[in-house]
Amino acid sequence: MKKKQTVIEDPGEMIPSKSRHKKEEQVEEDEAPVKAKRSKPEEAAGEEVVYHPVKLSRSDLYRPPSAEELNQLKEAESLFHCSLLKMQMEELLKEVALSERRKQQIDSFVQTVTELLQTVPESPEVEVSDLSWLSSEVKVPFLLVPKTTKGKFHMAPPASVDLIGSYPLGTCTKPCVMVDLAVTIPADVLHPKDVLNQRYPRKRALYLAGLAQYLTSSSDIGTMRYSCLHGNRLRPVLLLTPSGKESSSFTVRVHACPPPGFFKPSRFHPQRNNIRTEWYTGLQSSQSESSEPPTPHYNSCVLGDLLPRAHLQFLSAASSQCPAFAGGVALLKVWLHQRELDQGTGCFNGFLASMLLTYLLTTHRISNTMTAYQLLRNSLNFLASTDLTVNGISLAKDPDSTAPSLAEFHNAFQVVFVDPSGHLNMCADMTACTYKQLQHEASVSMQFWDDPTVDGFHSLLMTPKPMIRTSDHVFQLCELVKLQSSCKKLNLLSELMDNSGNYVQAALPYILTLFQQGLGQRIHLLTHSLSPEPEWSVESEAPKHKAHPPLSFGLLLRPELAASVLERGPPADSPKAAEFRQLWGSRSELRRFQDGAITEAVLWDGKSTCQKQLVPQQIITHLLELHADIPESCVRYVGATVDDVIKTGSEVPSTGEEESLVVVQSYDDLSRKLWRLEGLPLSITAVQGAHPALRYTQVFPPVPLKLDYSFFDREKTSRSLLPKEGRPCPAYITPITVICHMEGSGKWPHDRLAIRHIRAAFHIQLGELLKKHHNYICRPCPTHLDVWKDGLVFRIQVAYHREPQVLRESVNAEGLLVVRDNEEAQALEMVTIHKPLLTSTLHGLQQQHPCFGAVCRLAKRWLGAQLFSEDIAEDTADLLVASLFLQPAPFTPPGSPQVGFLRFLHLLSSFDWRNNPLIVNLNNQLTAADYTEIKNDFMASRESLPVMFIATPKDKKLSMWTKRAPSVQMLQRVVMLAAESLKVLEHQLMDGGQVQDVRVVMRPPLDAYDVLIHLNPKQVPLLGHAVDPPAVTFSRGVLTGTVSQSGGALPVIDYNPVSLYLAELREAFGDLALFFCDPYGGTVIAVLWKPKAFTPIPFKTSQVSARSVEVTGEEANTFPNVEAILEDFRVLGKGLVKSVEARTEKWSF
């Protein structure tokens, strides 16, 4: 194959231009064979290419692999869980790299801008505060506070125009392509003393305004806007986009800089002052220069403008040594971008990512020969294990004598990473909280990177992590103008001077410290949103600080401590008691505890679990009001907004935790009593709960009921309670299923009917014994025994472990025993084996993660409200939610119901159901080998498997929970509605300006359905649980007050007219239509005609139910008789159906 070899050996043929940076050359060479194949048709176009086998000599044939080949093989085996991850990362790098065409567009536009800038006309010298030389169309991008400062200014052409930043370095990536252009202000415009009192930043802003005024006349410039570098108001920049089609493909960011070395770096020592109090406040002051407060942030702003060219040289030298440098930076930038850490004030941007990699290269933590993958991994490992808030790092090899020490940097800044000059802290604006968030994200990434059961690539680089979906609780500070009074109260004048009047940045570190002191052990992590980089038109004034969007804060809670209502402080005589009292103010009081200790303590309000979850909200509002003068009305807390849809109880609101606990305790008591029963012919081997309420996941858990006997009639024989005619439907009473396994014995018959008779006899005897020993009202049936206990109904089903096997056996015509699986046996196994096992496993998960049950309840409430509860059954929904807790990557397990619900919607809408099984590793029983086996089996028999495939340790191949539903069409609709609900809900929770109504995601769109059957609310027993409960409620035969433990009369159990009517409709018309209803108080049944039902079929006497005959010539065909069917809907539901509304007439054409 000579032809092929030549193509591979000469990668030069495939490289379009020499200007590609090293990373891309590397990728080109690696990918050369693939490209060679792709180029085959092009060659073939010219002449027919004939490949001939090459005769290799024996030495060539058995030649050992070269060092490079060995290296690649070893790398794919050891570094990547599989070679797939390597290919995914290489594809991603190609995706974010700039194409040659884009680079040519950028180069030509930069050339045009450079030529334009070099012809800027001179203007006469004026005072800095005199703006008469500027036209009224262009404003200065600077907040002039105080109004005036000394100095002269004139416009002149720039001394030089240079490319800086990521584009010349080769680390510029899509989608937001930003090209930096440094314009050097001529030396005669500046003065060495301009570092004082904002003179230099103001001249810099004036120079940019002068450039903008000149460029407005050019037709080559598309749009022109101002912005601030990383949100810093002292460093405005000019954003230019090209005219024409390319206007949105990239932006050129023009920076005005002083000539290199114009100011002495020693002027910017973090302990020096460059803004005088007298000038800033306008008040006479007798302070000497040495007693002025230091201005480290202001100093680092000005110094940052002096060094970009030096930084570019430094980074270019380092990247030229390491071929994969650009790839490593690109991956790190993608990782940061998905975590919202790469933009805004105090972010960890691409420049810092490049500097971090260079630091690791210069300190030999990584080697020049590593791949982009290894560079990313080592960077994250370094970030996870190094705390720059305590031990800063420096790139300076031998700094001069005037450079500050690391200790001096730590005194002035929260995070320290010093540049190669030794004078500039590149993380000057970063808060300790942001760095802790970066550390946390890196350590979480490292944990799941090594887990072969996690899709590392997807979790690491493809899943976005917005704050609302990452943090357990989120709250916002609105009306940030109130922070001015906080600065006064906290006495932050020197910080305001240092931040040039930006009260948001001045107060933020103090507020964060306050939160951390108050929340203490309750939280793992406190994060905050990074102030965005404002953009505004060159014709308008710079936006004021009060235009700042609300500040968002995220809390990652420790579930075991976050909801504690007691904050126990130091003993009364301890020196720390005064600090505690100072922090909590009037809320702190002396208390004596059971162990005899007398300590300071704070008691927060909260009776039910859902109230206790909001203790952090009470802490935050109290501390802000006490220490920062921020009223409660300015704090928007969205920790449990969505929980309202499952709240019950008027006096003490609850989201179901307390009710579930009552059910579980009552069940545990019944279980103990069943175990102790004597007088049964066979002993009980196991008692297992098989109902969602027993694993805390029932949407509205059963509540103990005290019945109003006047509401009912008595049945003559059994004295049971029957609802009276004309009364509303009585309260729905849920039977709680309990499976009772009896021991095996030779006396059990081997006939299916006989086994059923024996089971019925056990039900009768269990009922008699429970009545005799505990006075429980019992009603035995052939299939179960209902027990009325503590105002709840337990439905006991006796099970015999060999019965499914008996159901599978049959004798054929020849008299041979045949064992064949059938639906009856599977259904029995599901009820007696799989459901009890799932219930006990998920009950264990609830003990580990206290909010698991609440997330399930929210998820199932949404599925019910959107009419999907028939398609995604309760057990399926519980397994979907369990997967969020067992495999949360790239998140941590949800710590609040709301964040769990948002992730549930995200899972539904983004999971690739077509190509992947969802593996729920219950009790951590599956190994990496099991995962591989499940995926291989799934791919091998994909077409025959359910569309939503959920594998568990006990069900690796069949996905029994989703075997019957959902169908492809219903899953598509679930995915679509989940995506839309997530978008609407996240937008609403994060945007206080919107109408706050979270129930909007619970209201189903009914326009897709053909017929709506409206029900009479009086006959809907769960009406009170509806998404929008009616103002008028009906008496349902229930009294308030304590419930007696035993005795009384047995009410009608499991009577819900709506579900009985639905079952009748499905049985009668299931071949013609689909029926949907919200099981939790829905008053509408939505009907969707099946398209196939309306195709005409030849007349047969056996198939004329609900059909009308149409004769055309010789043929007689039948069609569904829709008018008659709608009339049948009314007749079947007499008393329950209020009206039937035909929405469409699909059948009529």
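This tour moves through a predicted model, one selection at a time.

The model is predicted, so local features are restricted to pLDDT of at least 70 and side-chain atom pairs to pLDDT 80 or more, whereas totals for chains, interfaces and linings use all residues. Residues are numbered from 1 along each chain as its sequence is written, and side-chain values use heavy atoms, with hydrogens and water left out.

**Stop 1: the largest nonpolar core**

Select L238 and F417, the residues with the most contacts inside the largest nonpolar core, which has 163 residues. A nonpolar core is a set of buried Ala, Val, Leu, Ile, Met, Phe, Trp, Tyr and Cys residues joined through side-chain atoms within 4.5 Å. Buried means under 20% relative accessible area, exposed over 50%, and partly exposed in between, with a 1.4 Å probe and protein chains only. In soluble globular proteins, nonpolar side chains tend to be buried together.

Helix α22 (residues 503-519) gives this core its largest share, ten residues. Helices (H or I, at least four residues) and strands (E, at least two) are DSSP runs numbered from the N terminus.

Now show the surroundings of F417. Leaving aside neighbours within four places in sequence, F417 is in contact (heavy atoms within 4.5 Å) with L352, M355, L356, Y359, L388, I393, L395, L424, N425, M426 and C427. Apart from the largest core lies another, of 63 residues, including M467, I468, F904 and L985.

**Stop 2: helices α22 and α26**

Keep α22 selected and add helix α26 (residues 615-628). The axes of α22 and α26 come within 10 Å and cross at roughly 135°. Axes are lines fitted to C-alpha atoms, for helices over the stretch in contact, and angles run from 0 to 180 degrees between N-to-C directions. The angle therefore makes α22 oblique to α26; angles under 35 degrees count as roughly parallel, over 145 as roughly antiparallel, 65 to 115 as roughly perpendicular and the rest as oblique.

The crossing of α22 and α26 is right-handed. A crossing is right-handed if the near helix is turned clockwise from the far one by less than a right angle, and left-handed if anticlockwise. On the α22 side, select I511, L514, F515, G518 and L519; they meet P616, I619, I620, L623, L624 and H627 of α26.

**Stop 3: strands around L238**

Return to L238, which is the bridge partner in β6 of Y226. Strand β5 (residues 221-228) and strand β6 (residues 236-242) pair in the antiparallel sense over seven bridges; two strands pair if DSSP finds at least two bridges between them. β5 also pairs with strand β12 (residues 535-537), again in the antiparallel sense, over three bridges. To find that second pairing, select S227, which stands opposite E535 in β12.

**Stop 4: strand β13**

Select strand β13 (residues 551-557), which is largely enclosed by the rest of the structure because seven of its seven residues are buried. L551, F553, L555 and L557 lie on one side of β13, and S552, G554 and L556 on the other, so that both faces are covered.

Add strand β10 (residues 473-477), which runs antiparallel to β13 and is joined to it by five bridges. L477 has L551 as its bridge partner in β13. Strand β11 (residues 523-528) is likewise antiparallel to β13, with five bridges, and I523 stands opposite L557.

**Stop 5: V454 and T841**

Select V454, in the loop between α17 (432-449) and α18 (456-462). At 13% relative accessibility, V454 counts as buried. Draw the C-alpha distance from V454 to P890: the two are 436 residues apart in sequence and 9.3 Å apart in space.

Next, select T841 in helix α30 (residues 823-848). T841 is buried, with a relative accessible area of 13%. Not counting residues up to four places away in sequence, T841 touches L922 and N923.

**Stop 6: helices α31 and α32**

Select helix α31 (residues 852-865) and helix α32 (residues 874-886), whose axes come within 9 Å and cross at roughly 130°. α31 and α32 are therefore oblique to each other, and their crossing is right-handed. F852, V855, C856, A859, K860 and L863 of α31 make the contact with E874, A877, D878, V881, A882 and F885 of α32.

**Stop 7: an open sheet**

Finish at an open sheet of three strands, ordered β34-β36-β35 with antiparallel pairing. Its edge strands, each pairing on one side only, are β34 (1097-1098) and β35 (1107-1112). Six bridges join β35 to strand β36 (residues 1115-1120), and T1112 has E1115 as its bridge partner in β36.
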